[in-house]
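Reader: I would like a close look at a single part of this model, namely one helix and its surroundings, with enough of the wider setting to place it. Please take the description step by step.

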Amino acid sequence: MTGAAGLDEATIADWIARVAAERARTAPPPDFPALPDIPAARYTDAECFALERRLLWQRSWLYAGHIDQLPEPGSYFVWRHGSAPIVVMRGDDGTVRAFYNTCRHRGAPVVRDIAGRAGPTLVCGYHGWSYDRQGQLRGVTERRDWRDFDASCRGLVGVRCEAYANFIFVNEDRNAEALADFLEPVTRYLRHLPFGDLRLVNRREIEVRCNVKVLVDNFLEAYHFKLLHPKTSDRIFDNQGTSVHLWRHGHSMMLSPNRRDDWVDPGTIGMPEMPRVTAIERHHNPSYGLFPNLILPVSPSGIPCVTLWPKTVRTSVLEVLWFAPDWGGGPRNPLWERRIANFDRIVDEDIQFAEPLQESIESPGFTGVPLSYQERRLYHWHAEVDRRIGAQHLAPALRVRGDLAAFID
Ligand code: FES
Ligand SMILES: [Fe+2]
């Protein structure tokens, strides 16, 4: 169906037909099962959280940053959503690498700032060991005191780091499949867009007092648009026409059609469009969900991206990023201020419900989450979590039990 060029004509026609079918249906498809509830304790249980941390988050490809954050050799930032702080750095050869920010002597942090540009070597502030920008140990203070010391085995410990276009991902699992293979079911639909030319326009980080799955669930459905976003998303998009696409690896997409085909976001008028935009991006909101935590709703003139991060069982971090076609030199288009504010408003509408929801789901009155047909992305996501953790590691009461394998495209 899909060629190497991204969204092709046949796929576009198929997706548009699926939206029309969603609008026309009066019930779920006859072969779609009634889904068992998602167990309530998954949102509050400390053991479940610890398992997810170790077996899901620390073994997944996770968005760490954009190449714009590393403009030259020695540029680095510290990424703090792993098992420990990780330095992502551009080496002398231009390659981006990741290392645990942990000196191989007595474990001090090697860089202390959250981001910056290292000199030719990174010098540990405790006893002065120094590493090059590729992470190799180059200098040991008072070398005469060390017997049989092999500096070549004492470089900073590396972390898998690969990129999709300008997007840098890390994975603490050394044996993980290649990033390109992991993303392939999604990236085949993005290939026509100029991801390699997208610049980072803005970044905002918010701490939210809820379990990360409360946030993930929220960003995987359009069922809440009518009540949470009456003056924003619901005015623009028709959730009755939203079609859901499930892909392997837990990835998915929801395609929400604009209420009117001639509608153009007034906040984008005057902004340059990405080349090769299709009717899918122009007349719909294709919101891609890259498992586990990256939400990418593509629009013709820019892509707001939401990433969601577990912090504790009851606190999370939500990051909002904006990417847009390269605008050349100089400051960004002043229209961005309003555009960013508009999307922030939508995100704030989402968050204002997440925190009270966490409080109310702690109640004995919350027994589990029944999911409708249009919410099936959530089920797909949770099932992938269990597949990765290994359901046998989860107490029986915490497992999801349904199977949507037959509905994966
Ligand atoms: S801990 Fe880094 S040099 Fe001692
Ligand atoms: Fe929302």
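Author: What follows starts from the helix α9, moves to the elements around it, and ends with the domains and a few particular residues.

The model is a predicted one, and every statement below should be read in that light. Helix α9 covers residues 376-389, which makes 14 residues, and from its first C-alpha to its last it reaches 20 Å, close to the 20 Å expected at 1.5 Å a residue. The helix is mostly covered, since 10 of its 14 residues count as buried. The buried residues are Arg 376, Arg 377, Leu 378, Tyr 379, His 380, Trp 381, His 382, Ala 383, Glu 384 and Val 385. After α9 comes Gly 390, which has a positive phi, near 90 degrees.

The cover over the buried residues of α9 is drawn from several parts of the chain, including the helices α2 (46-56) and α4 (212-219), and also including the strands β1 (38-39), β13 (243-246), β14 (252-257) and β15 (284-290). One of these elements, α4, deserves its own description: 8 of its 8 residues are buried, so α4 is largely enclosed by the rest of the structure. Its buried residues are Val 212, Lys 213, Val 214, Leu 215, Val 216, Asp 217, Asn 218 and Phe 219. The elements that cover them include α9 and α8 (335-361), together with the strands β12, β16 (294-297), β17 and β18 (315-325).

Helix α8 contains Ile 340, a residue that counts as partly exposed because it has 19 C-beta neighbours inside 10 Å, whereas 20 or more would be needed for a residue to be buried. Leaving aside neighbours within four places in sequence, Ile 340 is in contact with Asn 202 and Trp 322. The C-alpha atom of Ile 340 is separated by 9.9 Å from that of Arg 204, although the two residues are 136 apart along the chain.

Two loops that adjoin the covering strands also have backbone details to record. In the loop between β13 and β14 is His 249, which has a positive phi of about 70 degrees although it is not a glycine; this residue is buried, with 21 other C-beta atoms within 10 Å. In the loop between β15 and β16 is Pro 292, and the peptide bond leading from Phe 291 to Pro 292 is cis, with omega near 0 degrees.

For the wider setting, the domain assignment places 9-59 + 187-407 in domain 1 and 62-162 in domain 2. The centres of the two domains, taken over C-alpha atoms, are separated by 34 Å, and 7 residues of domain 1 are in contact with 8 residues of domain 2. On the side of domain 1 that touches domain 2, β12 (198-208) and β17 (303-312) each supply at least two residues. By class, that side has 3 nonpolar, 3 polar and 1 charged residues.

Elsewhere in the chain, an open sheet is formed by 3 strands in the order β7-β8-β9, with antiparallel pairing. Its edge strands, β7 (121-123) and β9 (137-139), each pair on one side only, and the twist from one strand to the next averages 40 degrees. Between β7 and β8 (residues 130-132) there are 3 bridges, and Val 123 stands opposite Ser 130 in β8. In the loop between β9 and β10 (158-164) is Asp 148, whose phi is positive, near 45 degrees; Asp 148 is exposed, with 4 other C-beta atoms within 10 Å.

Methods. Residues are numbered from 1 along each chain as its sequence is written. Chains are lettered from A and ligands numbered from 1 in the order in which they are written. This is a predicted model: local features need pLDDT of at least 70, side-chain atom pairs count only at pLDDT 80 or more; totals for chains, interfaces and linings use all residues. Domain bounds come from an automatic or database domain assignment. Two residues are in contact if their C-beta atoms, placed from the backbone, lie within 7 Å. Helices (H or I, at least four residues) and strands (E, at least two) are DSSP runs, numbered from the N terminus. Ala, Val, Leu, Ile, Met, Phe, Trp, Tyr, Cys and Pro count as nonpolar, Asp, Glu, Lys and Arg as charged, and the others, Gly among them, as polar. Two strands pair if DSSP finds at least two bridges between them. Axes are lines fitted to C-alpha atoms, for helices over the stretch in contact, and angles run from 0 to 180 degrees between N-to-C directions. The expected span of a helix is 1.5 Å times one less than its number of residues. A residue is buried if 20 or more other C-beta atoms lie within 10 Å of its own, exposed if 12 or fewer, and partly exposed in between; C-beta atoms are placed from the backbone.
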